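Please look over the sequence and the model before reading on. The report below takes up charged side chains and the packing of helices.

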Amino acid sequence: MRKTITVIDTNIVMDDANILNNIESDLVVIPFAVIEELDNHKKDRGRVGANTRHFIRLLDSLISAGNILTGVKHGKTTVKVQQWTASHDAALKSYALTDIPDHRILVTAATLVPAATLLTNDVALRVKALAIK
């Protein structure tokens, strides 16, 4: 059986704080850049801020259950936060991408083996993902 990997973008979490319950994947990867962006939006008012805070609390509960950097079971999937490494920096440069959060998320997805699916509401990011495959 082939292992499926889904990488989630920040806007997915801001739109649906319970997204981890709705993904049918063996592994859900949360790029470190997503954590940084969520941290910047946790005090926002309205639905975006509420979803961000809810998701951060969910991550906190996963951290209590195990090592989120190596993977923690959540229902039928495993959730992992992917740290940014020197090999990611090299990939960013090899794709000739500027160092911005969206590109860090893109590179995180592009460097996973087996190939990962990038889950995003950002059309431009989806097009970029197709361009670097």
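## The pair Arg47 and Asp15

With a relative accessibility of 52%, Arg47 counts as exposed, because the cut-off for that class is over 50%. The model is a predicted one, and in it the side chain of Arg47 meets that of Asp15 in a salt bridge, with 3.3 Å from N to O. Asp15, at 44% relative accessibility, counts as partly exposed.

Arg47 belongs to helix 3 (residues 46–65) and Asp15 to helix 1 (residues 10–15), so this salt bridge ties together parts that lie 32 residues apart in sequence.

## The other salt bridges

The count of salt bridges in the model comes to 3. One of them joins Lys42 to Asp39, whose closest N and O atoms are 2.6 Å apart. Lys42 has a relative accessibility of 32% and therefore counts as partly exposed, and Asp39, at 42%, likewise counts as partly exposed.

Arg104 forms a salt bridge with Asp99, and here the closest N and O atoms are 2.6 Å apart. Arg104 counts as buried, at 19% relative accessibility, because the limit for that class is under 20%, whereas Asp99, at 46%, counts as partly exposed.

## A buried charge without a partner

Side chains of opposite charge can pair when their charged atoms come close. What, then, is the nearest side chain of opposite charge to Glu37, which is buried yet has no salt bridge? That side chain is Arg104, and it is 10 Å away from Glu37.

Glu37 has its place in helix 2 (residues 32–41). When its neighbours within four places in sequence are left aside, Glu37 is in contact with Asp9, Thr10, Met14, Pro101 and Ile105.

## Helix 4 against helix 5

Two packed helices are described by the angle between their axes and by the distance between those axes. Helix 4 (residues 86–94) and helix 5 (residues 101–110) pack at an angle of about 105°, and their axes are 10 Å apart. The two helices are therefore roughly perpendicular to each other, because angles of 65 to 115 degrees are counted in that way.

On the side of helix 4, the contact is made by His88, Asp89, Ala91 and Leu92, while helix 5 contributes His103, Arg104, Val107 and Thr108. Sorted by class, this contact has 3 nonpolar, 3 polar and 2 charged residues. Arg104 thus appears in the contact between the helices and also in the salt bridge with Asp99.

Key. Residues are numbered from 1 along each chain as its sequence is written. This is a predicted model: local features need pLDDT of at least 70, side-chain atom pairs count only at pLDDT 80 or more; totals for chains, interfaces and linings use all residues. Side-chain values use heavy atoms; hydrogens and water are left out. Helices (H or I, at least four residues) and strands (E, at least two) are DSSP runs, numbered from the N terminus. Buried means under 20% relative accessible area, exposed over 50%, partly exposed in between (1.4 Å probe, protein chains only). Lys and Arg count as positive and Asp and Glu as negative; His and the chain ends are not counted. A salt bridge is a side-chain nitrogen of Lys or Arg within 4 Å of a carboxyl oxygen of Asp or Glu. Contact means heavy atoms within 4.5 Å. Axes are lines fitted to C-alpha atoms, for helices over the stretch in contact, and angles run from 0 to 180 degrees between N-to-C directions. Angles under 35 degrees count as roughly parallel, over 145 as roughly antiparallel, 65 to 115 as roughly perpendicular and the rest as oblique. Ala, Val, Leu, Ile, Met, Phe, Trp, Tyr, Cys and Pro count as nonpolar, Asp, Glu, Lys and Arg as charged, and the others, Gly among them, as polar.
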